[in-house]
Amino acid sequence: MVIHLARYRLDDEIRWATVVDGGLSPLAGSYASTADLIRDGADDWRSAVERPAQLPTGSVELLSPVTTPCRVLCQGANYRQHAIESGMDPDARPFNLFFDKTDAAVTGPDTPVTRPAHVRLLDHEIELALVLRKQVNQPETVTAENLHEYVFGITIANDLSARDVQLPQGQYLKGKSYRGFCPVGPYLAVPEPGEFPLLDDLELRLEVNGELRQHDSTRNLLYRPAETLTELTTFCDLGPGDLLLTGTPHGCAATTPPALVRRLATALLPEDKLWRMFIRSNLRKPYLQPGDLVTASIRSPDGSIDLGRQHTSITAS
């Protein structure tokens with residue numbers, strides 16, 4: 001059985017619980033970090049899931065189930081249709097695209113996010129996030145069979161992105177790391193080793209003000225978790241409680257013109273003028289505005305994995 005965990009605040013106390021019948025069954029112990037929970041909490045959550053719910057989820061403030069400090073690693077253009085809308089050929093991808101966000105971006109699943117005053121092109125990116133299990137300080141071979149040794153669980157992340165910083169300035173780290181630009185949660189699902197194949201058939205949905213913007217399945221990932229983690233360990237140390245965002249589906253506000261148009265524009269226009277044109281043309285697209293409400297969910301078709309629902313309201317600075 002996949003166990004679902006939640007981290008919450010009640011009366012100024014932060015605790016962990018299992019999600020049981022739509023409510024919360026608190027753990028007996030106190031765990032300051034996600035890494036502490038991974039290391040010491042297994043017996044506690046296995047006991048808690050056997051008890052009936054004691055708290056309605058609406059009676060508490062749900063927090064990110066991933067605590068900081070942590071690393072937030074990301075994959076880009078990792079769904080077939082999103083690669084196409086990003087101007088790439090998904091069948092001719094010679095490399096896995098990596099970048100990262102700072103953990104200053106991590107926030108709760110229902111926490112409002114402030115759009116910085118200078119940002120006009122704020123985009124959404126729902127992603128399946130892997131919560132890593134153990135310390136890795138050397139290259140390792142991760143397979144579908146041993147993936148559970150490296151991945152503790154999964155949750156929802158929204159890789160909010162300031163496109164007018166990320167793209168014209170080439171500032172991936174800055175454009176994706178403003179405070180609050182990574183809502184995480186609400187639930188952290190912990191599969192048993194034999195349940196990890198469920199990760200290959202999860203449905204992702206993101207809506208803005210009730211309008212469906214992104215909808216896809218992890219069946220359409222180009223680079224899957226085991227392959228990705230194997231490559232990551234060749235150049236990156238990993239630790240328990242770190243996050244790996246596995247890419248976003250199609251449906252972002254930002255799109256890329258066809259390759260021929262890009263080549264012609266690059267040949268004919270100075271780079272600064274090209275990016276000014278990009279920003280002007282993108283202002284007509286449905287980027288996030290103050291007052292918008294973003295909802296995001298990830299679940300398996302049979303409901304055995306249900307990561308809950310994020311509610312992120314966008315506010316003005």
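This note goes through the salt bridges, strand pairing, backbone geometry and internal space of a predicted model.

1. The buried ion pair. Among the 18 salt bridges in the structure is one between Glu125 and Lys176, whose closest N and O atoms are 3.3 Å apart. Glu125 sits in the loop between β10 (122–123) and β11 (126–132), while Lys176 sits in the loop between α5 (172–175) and β14 (182–183), so this pair ties together parts of the chain that are 51 residues apart in sequence. Both partners fall under the 20% limit for a buried residue, because Glu125 has a relative accessible area of 5% and Lys176 one of 1%.

2. The network around that pair. Glu125 and Lys176 belong to one network, held together by salt bridges that share partners, which also takes in Lys101, Asp123, Asp159 and Arg163.

3. The salt bridges of Arg39. Arg39 forms a salt bridge with Asp36, with 2.7 Å between the closest N and O atoms, and the side chain of Arg39 also meets that of Asp40 in a salt bridge of 3.3 Å, N to O. Arg39 and Asp36 are both in helix α1 (residues 34–40), where they are three residues apart, or about one turn of the helix. As for accessibility, Arg39 is exposed at 57% relative accessible area, whereas Asp36 is partly exposed at 21% and Asp40 is partly exposed at 46%.

4. Strand β20 and its partners. Strand β20 (residues 306–316) pairs in the parallel sense with strand β9 (residues 113–115) over three bridges, and Thr114 has Thr315 of β20 as its bridge partner. With strand β19 (residues 293–299), β20 pairs in the antiparallel sense over six bridges, and here Val294 is matched with Thr312 of β20. In the hairpin that β19 and β20 make, six residues lie between the strands, and Gly303 takes a positive phi near 80°.

5. Backbone points to check. Most residues other than glycine have a negative phi, and most peptide bonds are trans. Two residues that are not glycine nevertheless have a positive phi: for Asp11 the value is about 55°, and for Asn209 it is about 55° as well. Asp11 lies in the loop between β1 (3–10) and β2 (13–20) and is exposed at 72% relative accessibility, while Asn209 lies in the loop between β16 (203–208) and β17 (211–217) and is partly exposed, with a relative accessible area of 49%.

6. Cis peptide bonds. The bond joining Thr68 and Pro69 is cis, with omega about 5°, and Pro69 is placed in the loop between β5 (61–63) and β6 (72–76). The peptide bond from Gly185 to Pro186 is also cis, with omega near 15°, and Pro186 is found in the loop between β14 and β15 (188–190).

7. Internal space. The structure holds one cavity of 30 Å³ or more, and about 40 Å³ of space lies in the largest cavity. The lining of this largest cavity is made up of Leu132, Lys134, Val136, Tyr150, Leu229 and Leu238, a set that divides into five nonpolar residues, no polar ones and one charged. Lys134 is the charged member, because Lys counts as charged, whereas Leu, Val and Tyr count as nonpolar.

Methods. Residues numbered from 1 in each chain as written. Predicted model: local features only at pLDDT ≥ 70, side-chain atom pairs only at ≥ 80, totals over all residues. Heavy atoms only, no water. 1 Å grid on protein atoms, 1.4 Å probe; cavity = no way out; pocket = protein on both sides within 12 Å on 5 of 7 lines; lining within 4 Å. Points joined across faces, edges and corners; volume = space filled by probe spheres on them. Pairing = 2+ DSSP bridges. Helix = DSSP H or I, 4+ residues; strand = E, 2+ residues; numbered from the N terminus. Salt bridge = Lys/Arg side-chain N within 4 Å of Asp/Glu carboxyl O. Buried < 20%, exposed > 50% of the residue type's maximum accessible area, 1.4 Å probe, protein only.
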